[in-house]
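Subject: Structure handover

Dear colleague,

Here is the structure I said I would pass on. Please open it alongside this message, since the notes below refer to residues by number.

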Amino acid sequence: MTIAQLDSLVTLLRSRPAPEKPSVADARAGFEKLAAVLGGAPDAKCETVDAGGVPAEWVAAPGCDAQRAVLYLHGGGYAIGSIATHRRLAYDISAASGARVLVIDYRLAPEHPFPAAVDDATKAWSWLLQQGIAASRLAIAGDSAGGGLTLATLVNLRDRKLGLPGCAVMISPWVDLEGIGNSITARAAQDPMVQKAGLLWMAGMYLGGKEARTPLAAPLYADLKGLPPILVQVGTAETLLDDATRIAEKLHTSGVEVRLAVWPNMLHVFPLFAPILSEGRDGCVEIGTFIRGRTA
């Protein structure tokens, strides 16, 4: 890393307009603009598909194995984000893992509150199995809310006996919808992306009146026994640091093979910024190596 890279990224993130009373439409448009700054994936083979009724896109780097795949669940507080915002990250993970990546446009709150996202991720998983790919050669991965959704989907698949992937990856996972982790306030000055007020705003939209500790909405409170190996990746300069460390500890005490990778000075979902941040590229390599070693 160069200090200039990180400083430039923080400056970019802090320079984004922050309306006094943001609307969902404003937040969605802002995320799309940020993704446009990072650029697309020019070498990727992209194919739009209907994944069991869920809009999706295959993103494949050159030379990847068609019989290994990653179901990718994008972040955005369950209210923003899309295939477009995460196409480049999907490409970088495909290149690092040697597997195709299926990014889905699961339904978003507030139009579609919980459990719509879990239902859509589960449908996409079942569709993947119907394509003839063995569960052991599949992974599920996601960032931020998509990280929490990854864990919720695993729990749902286990409980419904729909099979489990060879492994999973959670990048800067959001698993506590009440925002009671110490880092929510302790790291607030360092984090240019995620603040408690915004988290609670999005949590309210996603929950739609349900309890904040509903296990499939906030998987910090789920039974985690019997899940596959999981990589939890997080930076020290983010408000969701304690979400990652708490869920990693709970996974460990539940008997799940878990690797907690804490990256010094890194921001929320730093692999998303691989095009402009060397640690982002290294983070993608870590993700790819983990997936490759457990789905080959």
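What follows is a short account of the aromatic pairs, one buried serine and the largest pocket. Please keep in mind that this is a predicted model.

Aromatic pairs

Searching the whole structure gives 5 aromatic pairs. In one of them, the ring centres of Y78 and Y206 are 3.7 Å apart and the planes meet at 5°, so this pair is stacked. Y78 sits in the loop between strand 3 (65-73) and helix 3 (83-97), while Y206 belongs to helix 7 (residues 196-207), so the pair ties together parts 128 residues apart in sequence. Y78 is buried, at 1% relative accessible area, and Y206 is buried too, with a relative accessibility of 1%.

Another pair is W263 with F270: the centres are 5.0 Å apart and the planes stand at 45°, so this pair is tilted. Both of these residues, W263 and F270, are buried.

Y78 and Y206 also belong to a cluster, in which ring pairs link them with F114 and W174.

One further ring has a charged partner: R100 lies over the face of W58, 3.8 Å from the ring centre.

S144

Where is S144 placed? It is in the loop between strand 5 (138-143) and helix 5 (145-159). Its relative accessible area is 9%, and S144 therefore counts as buried, the cut-off being under 20%. Setting aside neighbours within four places in sequence, S144 is in contact with G75, I171, S172, P173, W174, L240, H268 and V269. One of these contacts, W174, is also a member of the ring cluster described above.

The largest pocket

The volume of the largest pocket is about 1,100 Å³. Its lining is made up of 36 residues, and R16, A27, I80, M193 and M202 are the ones that lie nearest the pocket centre. Which helices supply at least two residues each of the lining? They include helix 1 (3-14), helix 2 (24-38) and helix 7. Helix 2 gives the largest share, with 8 residues. Helix 7 is also the helix that holds Y206 of the stacked pair.

By type, the residues lining the largest pocket divide into 22 nonpolar, 9 polar and 5 charged.

Regards

Methods:
Residues numbered from 1 in each chain as written. Predicted model: local features only at pLDDT ≥ 70, side-chain atom pairs only at ≥ 80, totals over all residues. Heavy atoms only, no water. Phe/Tyr/Trp six-rings, centres within 6.5 Å; stacked < 30°, edge-to-face > 60°. Helix = DSSP H or I, 4+ residues; strand = E, 2+ residues; numbered from the N terminus. Buried < 20%, exposed > 50% of the residue type's maximum accessible area, 1.4 Å probe, protein only. Lys NZ or Arg CZ within 6 Å of the ring centre and 35° of its normal. Contact = heavy atoms within 4.5 Å. 1 Å grid on protein atoms, 1.4 Å probe; cavity = no way out; pocket = protein on both sides within 12 Å on 5 of 7 lines; lining within 4 Å. Points joined across faces, edges and corners; volume = space filled by probe spheres on them. Nonpolar A, V, L, I, M, F, W, Y, C, P; charged D, E, K, R; others polar.
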